[in-house]
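Subject: Structure handover

Hello,

Here is the structure for you to load. My notes on it follow below.

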Amino acid sequence: MSENTNSTALNYRKKQRKEEMKQQLITFALMIAFTIVAFGMVMADLSKLFIIPILLVLAIVQVGFQLYYFMHMSHKGHEMPALMIYGGMSVAFLTVLTLTVLVWW
Amino acid sequence: MSHDHSLNPEVMPENPEKATLEGKNKFLGFWFFLGGETVLFASLFGTYLALKGSNGSGPTAEELFGLELVFIMTMLLLTSSLTSVYAMYHMKNNDFGKMQLWLGITVLLGLGFLGCELYEFYHYIHGEDFTFRSSAFGSAFYTLVGFHGGHVAFGLLWITTLMVRNAKRGLNLYNAPKFYIASLYWHFIDVVWVFIFTVVYLIGKVG
Amino acid sequence: MKGWMGKFRALFLFSSLLLVLSGCGKENLTAFVPEGYGAEVSLNLIIISLAVMIFVILVVMIVYTMVLVKFRKKKGQEDFIPKQTEGNKALEVIWTVIPIILLIIIAVPTVTATFDLADDSKAKDSININVTGNQYWWHFSYNKEEIQTSQDLYIPTDTRVYLNLKSSDVIHSFWVPSISGKMDANPENENTMYIEAYEEGVYWGKCAELCGPSHSLMDFKVIAVSPEEYEQWVQDMKNVDPEAQPETASAQEGQKLFQENSCIGCHAIGSSPAAVGPNLTNFGDRTRVAGVLDHDKETIVNWLLNPDELKPGNKMAGNYPKLSEEEASKIADYLLQLQPSEITPESAGNE
Amino acid sequence: MSTAVTHKKGFGAFLWDYITTVDHKKIAHLYLIAGGLFFLIGGLEAMLIRIQLIKPANDFVSAGFYNEILTMHGTTMIFLAAMPIIFGLMNAVVPLQIGARDVAFPFLNSLGFWLFLFGGLLLNASWFLGGAPDAGWTAYAPLSTTSPGHGVDFYILGLQISGAGTLMGGINFLVTIINMRAPGMTYMRMPLFTWTIFVTSVLILFAFPALTVGLFLLMFDRMFGSGFFDPTMGGNSVIWEHLFWIFGHPEVYILILPVFGVFSEVMSTFAKKRLFGYTAMVFATVLIGFLGFMVWAHHMFTVGLGPAANSIFAVATMAIAVPTGIKIFNWLLTLWGGNITVNSAMLWSLGFLPTFTIGGTTGVMLAAAAADYQYHDSYFVVAHFHYVIVGGVVFGIFAALHYWWPKMFGKILNEKLGKLTFWLFFIGFHLTFFIQHFLGLMGMPRRYWVFLPDQGLDTGNLISTIGAFFMAAGTIVFLINVISTSVKKQEVAGDPWDGRTLEWSIPSPPEHYNFKQLPLVRGLDPLWVEKTEGRKEMTPAEPLGDIHMPNNSILPFVMSLGFFIAGFGFIYQVDDLSWLTAVFVGMGIALGAMFVRSVKDDLGYHIHKEDLEKGAK
Ligand code: HEA
Ligand code: HEA
Ligand SMILES: [Cu+2]
C-alpha cells in the first residue's frame, strides 16, 4: 500500500467518524429530550395507566440508543455481543416478570 | 517481530481496540460480561419490584422520592456517556491528549453523580429515617441503587487508573482495548441508570 | 363420584400389584393406595405418565440391545471401517414427532388435574381449617367452630375440607400421601388446598420441607371419621371446659403443676389460640406424643424431663423449670385424662 | 503425572510451577485433583447419609449433624466436585479440539481455579469452626436466614467466591471458542464436546448472576440486618426460591451438557463412525440450553404459584424431553452399524444410555405438576436426580477420564481395573437409587434424619445403603487404578484410540504450546478426514514461526487468598467488629493484586522458531 492511498483512506475514515459523531450528537439530544418528557409527564401528574407504559417505552428506546449508537452495536463485528446481550435481556425479562407476578402476598 | 510491537505500533490501525488478538478477546469477553451483568441487575430489579410495597410503617416510594435531584443526576450521567463517546472518537483518531481530556470530563461528571447519590442517601437516612434496615423496601432500594452506585465508583477508579497509568506513554495497541472496554462499561452503567430512574424513581413516584 | 369409584377399584388392583412388586408400603402412608381425592388424581396421573415412560424406555432398550448384540467388534473384523453415515432425515423426524405426541398425552391430563386440584370455588360453603406449621408441630384451627387443636386433624369423610396453610417460622410442607399431595406452608402468605378422604381411617402426615433438625419428626395424623361422628366431635370440642377438675388426685396435682410451671404460657387448653406450643385440649386422645413417639405415660414423662433428646431443637426444651420425675408423672396423668370427646382415633379404626 | 523435567526441578519448583501456571493443561490437572478430592469428601458424606439410614430410627449421627452432612453432600458434589471436574476436562480438551495454543484469558483461567479452590476450602473450613451449613443445598429462607451459628455464612461466602471463579471460566471459554479456532474450524465443524462447552458457558454466563444476587441478599439478611426474606419486615422468602432456581435449573444442564459432549466423542470414536445427525445434535444442545431457562419453577410446584403458572412451567419442562430424546436416538444410531470396541470408556457410555433414559423419564414424570404434589421433596426426587446426575454426569466424567487420560497424562488407565470399577459402581448405583423411587411414593420425604420403624421403609433403605457400599468400592478401585498407573513407566503414542478430532493429532501429553503449527481443518472430525486420505498428521495452516505465550503469575493465587481471608472477616465480624480488620486486610490484598495486575504490563514471551526446530526430531 503506498503512502498516498493510505492517507486518503485515513481521511475517508476520519470523515466517516465525523459523520458518525454527528449522529451521536443527535442521539444524545434525543435522549435528553426523552428524559425531559419522562420527568415532565410524572411531574404533570397524568394518569398512571397512561404514563407507566410510555415511561417504559421511553426507557427501552433510550437503552437502544446507548447500545446501538454509543456502544456501536450497530457496527459489524458485533454479532456475538448482540447475541449475548439479547440472551441476557431475555433471561432478565423472564426474571423480572416472574418476580413481579409470581411473588404474591 | 519485536516483543513490544503492541506497545510501539508503526501505524494505528482503524480499530486499535481490536487490532490484536488480546484486544479482540477483551472486547468480546467484556461484552459477554455485560450480558451477565444484565441478568445480575435484572435479579435486583425483580427483587425491588417484588418488595417495593413492603415499606412497613416507613415512607412509601411516593412519599420518599424527590425528582429534582434525580433529574440532575440523570443529566450528569447521560452527559458523561456522551463525553466518553467523544473520548473514544479521539482514540480512533489517535489523538491521545483529547482522549484523556474527555475521559477526565467523564470522570468529573461521574464524581458529580456519585456525590448527588451520597447526598440523597444521607438525606434519606438522616432526614427521613429511611434506612437499609427499615423494611424490606428499604433493603431492596439501597441494594439496587447501591449496586449501581458501586458500579459507578468502580468505573471511576478504573478509568482514573487507566488515565494515570498511561498518561506518559500515550496510546498503543496494548492499552487501546483497555480504554475501549472501560468506556463500554461506562455506557452500561448509564443503561442501568436509565432503568433505575424510570422504574424506581419515576414509576415509584407515579405509584 | 360413582364413575371415579369404578375407576378407583381398577386402580386399586393395579396399585396393589405395584405394591407387591415393590415389597409393600405402609397402608395409610403410601401414595400407591389412594384413600382420598387428591391422592387419586395424582396417582392417575402417575400411572398415565408411567405407562408412557415405560413405553419410551422399552423402545430405547430394544434398540440398545440390538446394537449391543449386532455391532460389537467381532473376531477377525478388527480393522473393519463402518460406513460413515451423516444422518437420516426421516428417522429424525420420527423421533422428534413421536415424543411430542407422547408428551401431549401427558400434558393434557396434567393441566386438567392441576386446575382441578387448585379449584377453591366452593371453599366458602365448606369446612375451612387454618393450618399452621411450626417447628416442629402442626396447629389446626377450625375458624367457623372456634375449635383449636394440634397434631391430630379431624375431618369428616367424603367431604371436601379446605385447608389454609401458613407457617409461623420457616417453610413447612403439609403432606398426607394417602389422601393428597403436598402443599407448602409459607411464612408470608396463605396457601389453600383441599383434602377429601374416602374412608374412615387414621392417615399419616409428614412435613416435607426441611425445617430444622427435627424435620423428620414432625409427623401428624389426619383422622377421618363419618360426618355424624365429626359433628359430635365438633360439639364435644366446643363444649370443653378448660378448667375442669380431673378425677384422680395425681391428675389434680398435675393440673396445678401444669399451671404453676408456666406450661400454660406456651400451651393452651380449650379454644384459645395456641401461641408457642401445641394446643393440648384432646391430648389424651392423641395417637402419638410429639408426633412420633409412643403414646404412653412413660414416654410422656421422658418427654417432660428431656424433650430435646427426643426431638432435637424443639422450642419447649429449656423454657420451663426443671421437673422432678414425680412432678412429670403427675403432669402426665393430668394430660392423659384430657379426653373431651368420645370420638377418638379408634372411632376411625386406629392406624 | 509429572514429567521428567519437573522432577529434576525439585518439589518446591514443581509446586511453584503449578501455583503460578497459566497453562490450561496444568490448570486442568489442578481442577481434576481438587475436584477429585472434593468428590471423595462428598462421597464420604454420602456414605454417612446412607449409614445413618441403614435402619429405622438410627442414631449413628445426630439430627443437627445429619442436616449438615446432607447440605454439604449436595453442595460439595455440585459446586466443588462435578463442576470443577468438568472445568478440568474442558481445560484439558477444548483448546486442543479447536486447534488453539491457549485459552483467550490464561490469567483469568488461573484466577478462576484459585477462586474455586479457596471458595471450596472456605466452605469446608466450616466443619472445624463450629458447624457446617445445615439448610440444604438449596438454602431456603427463612431456615437459612435463621439458622444459628456460622454454617450458612460459610455457605454464602464459599459459594460467592467459587461462583465468581466459575463465571470467569464461562466467559473465558466462550471467547476462546469464538476467537481462537484454528483456520478452517467453522462452527459446524467443531467437535460436539466443544459445542456443549460453548452452550454450557452461555448457561453459566446467564445463570450464575442470579445466584450471585441471591447470595448477596442472603448475606445482607444474615449479616447486616436487611429484610429481604424476613416476613416481619415485609420480606418474602419466595424471592429466594425463584432466584435460586433461576440459577439452579440451568445449573443442572451446566452439569449434563458437557458430558453429553463427552459421550458423543467416546461413542463415535469407539464405534468408528462419525456422529449420527451431527447437525441435529448441535441444534438439540442449543435448544436444551435455551429451554433450560424457562422451566425453573418446576422445583416450586408446591409453593402455591397457582394452577396457571404450574401448568405453564409443567408443559415447558416436558418440552425438554424432545431435544434430549433426539440426542439419545442419535447416539443409538451412531452405534448402529458401527464396529464397537467395548473398553472402560465405552462401558461407562453404554451404562449411561439406559440409566439416563430412566432418570430423564422420571424427570418428565416429575414435570406433571399435579403428580409432583406427591413426588416433591420425597425420595422419588432423590432417585430422579441421582439417576441423571450420577448416571449422567458421574458416568460421563468416568468415561471422559478413561478416554482422555492418555492425552492428559501420557498413560493409559488399566483396563481390567477400569472394568471392575464400572461394574461395581454400576451395580451399586442401581441398587442404591432404583428402590428410592418406591421409597418416595411409599411416603418417605427427603432430608429425613430418621425414618420410623413399621412404616414399610426398612427393606428399601437397607438395600439402598448396601448399594452405596458397592459404589464406594468402585471408587476405591478407581483410585488404585490411578495410583498404580501413575507410578508405572509407560509411553503412549499421541493417538491411542485411533481418534477423530484434533487433540489426537499431537503428542501425549502435548507440548506446552500445544501445536507447533496451527492445523488446517478441512472438515468435521479433522484428523479422521486426514486419515481417510492416507495421511497420519494434520496439514499445517501456517509456516513454522515464533509462538507467543503468556507469562506465569502468582497474582491469581494472591487475589484468591485475599478473598479467602476477607471471607473469614465477613463471617466473624457479626460477632466481633475487630474481625473487620480481616475484611480490610483480605480485600486489600485482593485489590492490591488487581492493581498490580492492571498497571504492570504483561506482554508474554515468545518461543522462537529456532528452538521449535531444535525440538523437532
Ligand atoms: C444433571 C442433572 C439433571 C438433569 C439432566 C435433569 C433433567 C430433568 N429434570 Fe431434574 N433435577 C435435578 C437434576 C437434573 N434434572 C436435580 C439435582 C433436582 C433436585 C434439586 C433439589 O431439589 O435438590 C431435579 C429436580 C427435578 C424436578 C423437581 C422435582 C421436585 O422437587 O418436585 C423436576 C420437575 O419437573 C425435574 C424435571 C426434569 C426433567 C423433565 C428433565 C429433562 O431434562 C430430562 C429429559 C430426558 C429424557 C426425557 C430422557 C430421554 C428422552 C427420550 C428417550 C425421548 C422420549 C421421551 C419422552 C417422550 C418422555 N427435575
Ligand atoms: C454431583 C452430585 C451428586 C453426586 C455425585 C451424589 C452421589 C451420591 N449421593 Fe447424593 N445428593 C446430591 C448430589 C449428588 N449426590 C444432592 C444435590 C443432594 C441433595 C442435598 C440436599 O437435599 O440439600 C443429594 C442428596 C442425597 C441423599 C438424600 C439425603 C436426604 O435427603 O436426606 C442421598 C441418600 O441416599 C444421597 C446419596 C448419594 C450416594 C450414595 C452417592 C454416591 O454416588 C456417592 C459415591 C461416591 C463415593 C461412595 C465415594 C466414596 C469414597 C470413599 C469411600 C473414599 C473416601 C476416602 C477418602 C476421603 C480418602 N445423596
Ligand atoms: Cu430443574
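Ligand 1 sits in a site that is shared between chains, because residues from both chain C and chain D surround it. Please keep in mind that this is a predicted model. The surrounding residues number 34. The closest are D:Trp137, D:Tyr253, D:Asp372, D:His376 and D:His384.

Which helices build this shell? From chain C, α2 (37–70) and α3 (89–117) each supply at least two residues. From chain D, α9 (237–271), α12 (321–335), α13 (344–367) and α15 each do so too. The largest share comes from α13(D), with seven residues. By class, the shell around ligand 1 holds 22 nonpolar, ten polar and two charged residues.

Three side chains of chain D have polar atoms facing N or O atoms of ligand 1:
- D:Tyr253: an N or O atom of the side chain is 2.6 Å from an oxygen atom of ligand 1.
- D:His376: a polar side-chain atom lies 2.7 Å from an oxygen atom of ligand 1.
- D:His384: an N or O atom of the side chain is 2.9 Å from a nitrogen atom of ligand 1.

**The metals**

D:His384 also has a second role in the geometry. Its NE2 atom is the single protein donor to the iron atom of ligand 1, at 2.2 Å. D:His384 lies in helix α15 of chain D.

What lies 4.4 Å from that iron atom? The copper ion (ligand 3) does. Three histidines coordinate the copper ion: D:His249 through ND1, D:His298 through NE2 and D:His299 through NE2. The distances run from 1.8 to 2.1 Å. In sequence, these donor residues follow the spacing H-x48-H-H.

**Ligand 2**

Ligand 2 is surrounded by 33 residues. D:Tyr66, D:His73, D:Trp137, D:His386 and D:Arg447 are the closest. D:Trp137 is thus on the list of closest residues for ligand 2 and on that for ligand 1.

Five helices of chain D each give at least two residues to this shell: α3 (24–52), α4 (63–97), α15 (379–409), α16 (415–441) and α17 (458–487). Of the elements, α3(D) gives the most, eight residues. Helix α15 of chain D serves the shell around ligand 2 as well as the shell around ligand 1. The classes here are 23 nonpolar, seven polar and three charged residues.

The polar distances for ligand 2 are as follows:
- D:His386: an N or O atom of the side chain is 2.8 Å from a nitrogen atom of ligand 2.
- D:Arg446: an N or O atom of the side chain is 3.1 Å from an oxygen atom of ligand 2.
- D:Gln436: a polar side-chain atom lies 3.4 Å from an oxygen atom of ligand 2.

**Chains C and D**

Five pairs of chains are in contact, and chains C and D share the most contacts. Here 91 residues of chain D touch 87 residues of chain C. The buried area is about 7,400 Å², with 69% from carbon and sulfur atoms. D:Trp336, D:Asn339 and D:Gln374 supply 9% of the area that chain D buries against chain C, more than any other three residues.

How many salt bridges cross this interface? The rule finds one. Its partners are C:Glu209 and D:Arg447, at 3.9 Å from N to O. D:Arg447 is also one of the residues closest to ligand 2. Residue pairs in polar contact number 27, counting those with both residues at pLDDT 80 or more. The side of chain D that touches chain C has 53 nonpolar, 27 polar and eleven charged residues.

**Chains A and D**

Between chains A and D, 13 residues of chain A contact 23 residues of chain D. About 1,400 Å² is buried, and carbon and sulfur atoms give 85% of that. On the side of chain A that touches chain D, nine residues are nonpolar, four are polar and none is charged. The salt-bridge count between these chains is zero. One residue pair is in polar contact, with both at pLDDT 80 or more.

**Chain B**

Chain B has six helices and zero strands. Its C-alpha atoms fill a box of roughly 70 × 30 × 25 Å along the principal axes. No contact joins chain B to chain C; their closest C-alpha atoms are 12 Å apart.

Best wishes

Definitions and conventions:
Residues are numbered from 1 along each chain as its sequence is written. Chains are lettered from A and ligands numbered from 1 in the order in which they are written. Side-chain values use heavy atoms; hydrogens and water are left out. Contact means heavy atoms within 4.5 Å. Buried area is the accessible area (1.4 Å probe) that two parts lose on being put together, summed over both. A salt bridge is a side-chain nitrogen of Lys or Arg within 4 Å of a carboxyl oxygen of Asp or Glu. A polar contact is a pair of N or O atoms within 3.5 Å; within protein, one must be able to donate a hydrogen and the other to accept it, and residues adjacent in sequence count only if both atoms are side-chain atoms. Ala, Val, Leu, Ile, Met, Phe, Trp, Tyr, Cys and Pro count as nonpolar, Asp, Glu, Lys and Arg as charged, and the others, Gly among them, as polar. A residue is near a molecule or strand if one of its heavy atoms lies within 4 Å of it. Helices (H or I, at least four residues) and strands (E, at least two) are DSSP runs, numbered from the N terminus. Donors are N, O and S atoms within 2.8 Å of the metal (3.2 Å for Na, K and Ca); water is not among the atoms, so sites may look incomplete.
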